[in-house]
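Work through the exercises below with the sequence and the coordinates at hand. Each task is followed by a solution in steps.

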Amino acid sequence: MTNSNTNKEIPYKIYLEENEMPKQWYNVRADMKNKPAPLLNPGTGQPLKAEELTPIFCEELVAQELDDDTAYFDIPDEILSFYKMYRPSPLVRAYCLEEKLQTSAKIYYKFEGNNTSGSHKLNSAIAQAYYAKKQGLKGVTTETGAGQWGTALSMACAYLGLDCKVFMVKVSYEQKPFRREVMRTYGASVTPSPSDTTAIGRKILEEFPGTSGSLGCAISEAVEVATQNEGYRYVLGSVLNQVLLHQSIIGLEAKAAADKYGVKFDTIIGCAGGGSNLGGLISPFMGQKLRGEADYEIIAVEPVSCPSFTRGKFAYDFCDTGMICPLAKMYTLGSSYIPPSDHAGGLRFHGMSSILSQLYHDGFMTARAVKQTEVFAAAEEFARCEGILPAPESSHAIKVAMDEAIKCRETGEEKTILFGLTGTGYFDLKGYEQFNNGELRDYVPTDEELEKGFATLPKV
């Protein structure tokens, strides 16, 4: 497929004007024939009602979480004002990478790293902090993997005057001290998880002594603290429906920028851990696909060390290791599965968004799993061509985008590719150091290891 507007030269970076920035979030569930399965109460096995979620989440966020029918939600003016500090973000034509690969493909990426948090996470952080402030709360608790979400939330809370308590996966707490210090600079307290500061943390440490932690562990601790402290609620940076809703601004901007120059994408690629980046990037394009207005090849890319889509089971499971959170139907490796200490900390979650899981199950997108060493090799090649050092998470999408472009070179196919560059990797230099020293290793879990996680799936 070629660009329809060949008379208009396409610049390196396509920016929308401030007044062209989307004023609404898009809820892809409204166009899904098969809706995501409802969250279940782990005690009763029944679909959760709003009143059961409000002790955990902010009231307006609960309404967004449970809404399967409203296609568009107005973005409050206060959130739009904050967005304007770093949005609209550019849609970039990767001319130099195309030249390096000698491909017949056209490659674009949506760059979300142009803010202090260094990632797309700020799009939902400010929204969730805003609703917490509007409700009159004192503060929020959360978990973070590589630290992008924790950094974004600490910024949002500082802006709105909220307390912020972050439980950071222990291995990332140790691997990425500078991102931890950015959180503290913005006023957040940061605790390595699992910790001895919560009952669930102590239980996990007893069961898994010496564990490097996981997002599932950190979620459990953050939820415990939120529910036991008056005036606090728990917020999450991925997986939930509300998060994908807020992140839809990525795809809406990408589509608007592409439409401005008559660019039509064939293949859309995003890294997948819990689903915030992938879901946000693909949402308006998936909406077109669901409505029969256009067709796209959509590819989710995950690490081989945490292969939720490619080797997981589509089943109800706990979103946390401590098994206190609601049950979600998703592609999962089991809540007890603790991934190895890869540097793509934001992708080390045992499950996947219920929205994306249902879309994947119904055949609207495909998934691939890639090795850590291949990812870093692609990241360095991209950095040398495009001048941005990408986050390890983003580099999973870069790897597959390059693979697709190389296929075009070999076949002569003219394809237009879009991938999500979720953020920068300047706080991930420990991983780059290990890769450059030849010390980085790939880890592929055995079937036996995965079976141990599957054995803990609840009987629903």
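The exercises concern a predicted model and move from its sheet to its helices, a loop residue and its cores.

**Exercise 1.** Determine the strand order of the open sheet of seven strands, and identify its edge strands.

Solution. Step 1: following the pairing gives the order S1-S4-S5-S15-S10-S11-S14. Step 2: the pairing is mixed, and the sheet is open. Step 3: S1 (13–14) and S14 (366–370) each pair on one side only, which marks them as the edge strands.

**Exercise 2.** Describe how S4 pairs with S5, and find the bridge partner of Val92.

Solution. Step 1: S4 covers residues 91–93 and S5 covers residues 106–111. Step 2: the two strands run antiparallel and are joined by three bridges. Step 3: Val92 has Tyr109 of S5 as its bridge partner.

**Exercise 3.** Place H15 and H16 against the strands, then classify their mutual packing.

Solution. Step 1: H15 (residues 372–386) lies across S4, S5, S14 and S15, at about 95 degrees to S14. Step 2: H16 (residues 392–411) lies across S5, S10, S11, S14 and S15, at about 170 degrees to S15. Step 3: the axes of H15 and H16 are 8 Å apart, and the helices pack at an angle of about 80 degrees. Step 4: angles of 65 to 115 degrees count as roughly perpendicular, so H15 and H16 are roughly perpendicular to each other. Step 5: the contact includes Val375, Phe376 and Phe382 of H15, and Ile398, Lys399 and Met402 of H16. Step 6: by class, this contact has eight nonpolar, two polar and three charged residues.

**Exercise 4.** Is Ala391 buried or exposed, and which residues does Ala391 touch beyond four places in sequence?

Solution. Step 1: Ala391 is in the loop between H15 and H16. Step 2: its relative accessibility is 1%, and the cut-off for buried is under 20%; Ala391 therefore counts as buried. Step 3: beyond four places in sequence, Ala391 touches Gln148, Gly423, Thr424, Gly425 and Asp428. Step 4: the C-alpha atoms of Ala391 and Phe427 are separated by 8.3 Å, with the two residues 36 apart along the chain.

**Exercise 5.** Identify the residues of the largest nonpolar core that touch the most other members, and the elements that give two or more residues to this core.

Solution. Step 1: of its 39 residues, Phe265, Ile268, Phe309, Leu356, Met365 and Leu418 touch the most other members. Step 2: H11 (241–260), H12 (276–291), S11 and H14 (354–361) each give two or more residues. Step 3: another core, of 38 residues, lies apart from it, with Met21, Phe82, Ala127 and Met183 among its members.

How values were computed:
Residues numbered from 1 in each chain as written. Predicted model: local features only at pLDDT ≥ 70, side-chain atom pairs only at ≥ 80, totals over all residues. Heavy atoms only, no water. Pairing = 2+ DSSP bridges. Helix = DSSP H or I, 4+ residues; strand = E, 2+ residues; numbered from the N terminus. Contact = heavy atoms within 4.5 Å. Axes fitted to C-alpha atoms, helices over the stretch in contact; angles between N-to-C directions. Core = buried A, V, L, I, M, F, W, Y, C linked by side-chain atoms within 4.5 Å. Buried < 20%, exposed > 50% of the residue type's maximum accessible area, 1.4 Å probe, protein only. Parallel < 35°, antiparallel > 145°, perpendicular 65-115°, else oblique. Nonpolar A, V, L, I, M, F, W, Y, C, P; charged D, E, K, R; others polar.
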